[in-house]
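Please work through the exercises below with the sequence and the model open side by side. Each task is followed by a solution in steps.

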Amino acid sequence: MKVPKELQSLIDDGVIDEVVRPLKSGKEAAVYVVRVGTEVRCAKVYKNMAQRSFQQRAQYQEGRQVRGSRAQRAMVKRTKFGRKEEESAWKNTEVEALYQLMAAGVRVPKPHSYIDGVLVMELLTDAEGRSAPGLGTVELAPQTAREFHAFLVKQIQWMLCAGLIHGDLSEYNILVTESGPVIIDLPQAVNAAGNNAARAMLVRDVGNVTATLARFAPELAATRYGEELWALFATGELTRECALTGEFIDDETPDVEGVLQVIEDAQTEHEHREYGREVADGRHAEPRGEPANSKSRPDLGLRGVPLKTTMTRGSQDTSR
Ligand SMILES: Nc1ncnc2c1ncn2[C@@H]1O[C@H](COP(=O)(O)OP(=O)(O)O)[C@@H](O)[C@H]1O
Ligand SMILES: [Mg+2]
């Protein structure tokens with residue numbers, strides 16, 4: 001096919017030999033199937049380079065791995081190409097995340113190179129060698145869904161142990177390969193320890209995976225792995241080996257008693273005021289033990305609650 005202009009420099013540099021076909025084009029990136037020597041790979045062209053994170057520069061430079069050969073030599077020599085390469089290399093969160101996760105044993109597409117805003121990586125394939133489908137497009141037996149879920153929660157656990165949260169995990173960013181599900185698309189991966197929204201993102205990520213797989217194994221819907229993972233992470237107890245239960249008890253269980261008490265108090269106050277007004281209006285010859293106009297009581301779902309209880313609770317009513 002005609003070479004897209006973003007890939008021309010990679011062809012010129014011999015980083016890729018041929019652009020085979022477009023794979024997918026979305027808001028953030030266009031992905032192409034490419035050939036490198038005898039291997040088929042894919043090339044992800046970032047559309048919005050503003051995604052590059054400047055804040056994490058220091059972290060990126062530390063322990064960063066760059067593909068070998070020409071780029072490596074150029075970086076060492078500080079040539080023009082080298083400077084450019086160095087710049088773009090530390091700016092790509094996804095490339096960093098891929099290397100970091102690979103090192104942590106998380107199954108992600110293997111990155112091969114990152115040049116001129118293009119990430120060349122392993123093409124994930126299904127059993128027939130076609131590009132792997134998204135998790136949301138496959139039919140699964142309940143037992144397979146359970147296995148996928150356990151595997152993915154473990155992958156998320158390992159990611160978290162490596163300090164990362166995906167941040168945009170869903171059925172669209174998990175591909176089903178011949179050897180099982182693989183997490184992709186990590187440009188927005190966040191540092192778990194340094195982000196205020198980290199817990200919410202983790203819980204959402206896990207929740208999305210769970211919701212997708214619960215279509216085939218409904219009992220998964222009741223699990224709370226995201227919350228459990230975060231609780232362990234936050235207290236420093238999370239390890240790669242940690243066995244999770246999927247159970248989690250919120251510390252803030254709704255205070256039903258407290259809410260009822262507030263409603264009762266408000267009702268009591270209302271009744272007092274109402275009754276006082278009626279007495280003042282001369283609508284009552286003799287003061288009575290309870291308001292005559294019970295219709296004026298707001299319906300708070302407490303009908304049947306003995307009024308005496310509400311009248312005496314928390315107040316010394318000496319008028320009777
Ligand atoms: N390594 C890969 N192997 C196979 N297909 C891929 C690979 N990376 C991306 N794709 C395909 O390209 C699509 C878009 O890639 P993705 O990384 O999710 O970028 P974005 O969603 O930001 O456009 C994916 O949903 C998937 O279908
Ligand atoms: Mg995606």
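The exercises that follow concern a helix pair and a set of strands.

This is a predicted model, in which local features need pLDDT of at least 70 and side-chain atom pairs count only at pLDDT 80 or more, while totals for chains, interfaces and linings use all residues. Residues are numbered from 1 along each chain as its sequence is written, and chains are lettered from A and ligands numbered from 1 in the order in which they are written.

**Exercise 1.** Describe how helix H6 and helix H8 pack.

Step 1. Helix H6 covers residues 142-161 and helix H8 residues 225-234, helices being DSSP runs of H or I with at least four residues, and strands runs of E with at least two, numbered from the N terminus.

Step 2. Their axes lie 11 Å apart at an angle of about 25°, which makes H6 roughly parallel to H8 (angles under 35 degrees count as roughly parallel).

Step 3. Val153, Ile156, Gln157 and Leu160 in H6 meet Tyr225, Leu229 and Phe233 in H8, contact requiring that C-beta atoms, placed from the backbone, lie within 7 Å.

**Exercise 2.** Trace the pairing of E1, E2 and E3, starting from E1 with E2 and passing on to E2 with E3.

Step 1. E1 and E2 are antiparallel, with 6 bridges between them (strands pair if DSSP finds at least two bridges), and a hairpin of 3 residues connects E1 to E2.

Step 2. E2 and E3 also run antiparallel, joined by 8 bridges, and in their hairpin, with 2 residues between the strands, Gly37 has a positive phi near 60°.

Step 3. Val34 in E2 is the bridge partner of Val19, and Val34 also stands opposite Arg41 in E3.

Definitions and conventions
Axes fitted to C-alpha atoms, helices over the stretch in contact; angles between N-to-C directions. Parallel < 35°, antiparallel > 145°, perpendicular 65-115°, else oblique. Contact = placed C-beta atoms within 7 Å.
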